[in-house]
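Hi! Here is the structure I promised to send over. Have a look at it first, and then read my notes underneath.

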Amino acid sequence: KDGSVLTEVSAVVQFVADSIQEGPESFRVRLTPRLPAVAGTRTIHEVTISESRVVLPTGPLQTSEAGGTAPLEVRLAARPAADVVISLSTSDAAEGIPSSGSLTFTPENWDLGQTVQVVGQDDALCDDLQTYAVEVGTASTDPNYTGFSSSIPAENADDELACLAAR
């Protein structure tokens, strides 16, 4: 309306991974219009980056009612100050369950991945491919690892022969 021209500008900020235990980090971006500017003021935006301390696959994990399993490797991204207990469960135990309900990482073994198997569960239903999630949580006296939670999508393939033949 007023004759101003808006230009979209993109900026890429590359983050470098490290093993240093640290909390969320912030930086500021100052946007200043170029001259000749019709109208505009300086704008400062603060951006906060929080690193995930627990490294998980993105999924979906593939299991089957025929006993098919999917490996789930869990790692920590930085050395904890105290033991970290990772709890593992699923949103639907009738479709899949982890071979272990917990993993413990210590300040000594934090950099070694630990693997559990997610085991597909059988039923007598013609229920095709069923989705569920592996739920992951943490407990620790280290505040950097307290209260983390995440879900990994998973799928359990049907194995009822009569149902498969009918498709």
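**What I found**

The protein has one helix and eleven strands. Keep in mind that this is a predicted model. If you walk along the chain from the N terminus, the order of elements is β-β-β-β-β-β-β-β-β-β-β-α, so to speak your map for the rest of this email.

A few overall numbers to get you going. There are 167 residues, and 28% of them count as buried. The protein exposes about 10,700 Å², with carbon and sulfur atoms supplying 54% of that area. Now take the contacts between residues with a separation of 6 or more: 62% of them involve residues 24 or more positions apart.

**Strand β5 and its neighbours**

Try finding β5, which covers residues 69-76. Which residues sit on its covered face, and which on the uncovered one? A70, L72, V74 and L76 make up the covered face, while T69, P71, E73 and R75 make up the uncovered one. That fits a general pattern: in a regular strand, side chains alternate between the two faces of the sheet.

β5 also has pairing partners. One is strand β3 (residues 54-55), which pairs with β5 in the antiparallel sense over two bridges. There, V54 stands opposite L76. Another is strand β9 (residues 114-120), which runs antiparallel to β5 and is joined to it by six bridges. If you want a spot to zoom in on, A70 has V118 as its bridge partner in β9.

**Two serines to look at**

Let's start with S64, which you'll find in strand β4 (residues 61-64). Is S64 buried or exposed? S64 counts as buried because its relative accessibility is 18%, and the cut-off for buried is under 20%. Leaving out residues up to four places away in sequence, S64 touches G120, Q121, N156 and A157. You can also check S64 against L129: they are 65 residues apart in sequence, yet their C-alpha atoms are 8.7 Å apart in space.

The other one is S140, in strand β10 (residues 130-140). S140 has a relative accessibility of 16%, so it counts as buried too. What does S140 touch, not counting residues up to four places away in sequence? The answer is A82, D83, V84, Y145 and T146. Look at its side chain as well: a polar atom of the S140 side chain lies 3.0 Å from the backbone nitrogen of D142.

Have fun clicking around!

Terms used
Residues numbered from 1 in each chain as written. Predicted model: local features only at pLDDT ≥ 70, side-chain atom pairs only at ≥ 80, totals over all residues. Heavy atoms only, no water. Helix = DSSP H or I, 4+ residues; strand = E, 2+ residues; numbered from the N terminus. Buried < 20%, exposed > 50% of the residue type's maximum accessible area, 1.4 Å probe, protein only. Polar contact = N/O pair within 3.5 Å; in protein donor to acceptor, adjacent residues only side chain to side chain. Contact = heavy atoms within 4.5 Å. Areas by Shrake-Rupley, 256 points an atom, 1.4 Å probe, with all protein chains shown as cover. Pairing = 2+ DSSP bridges.
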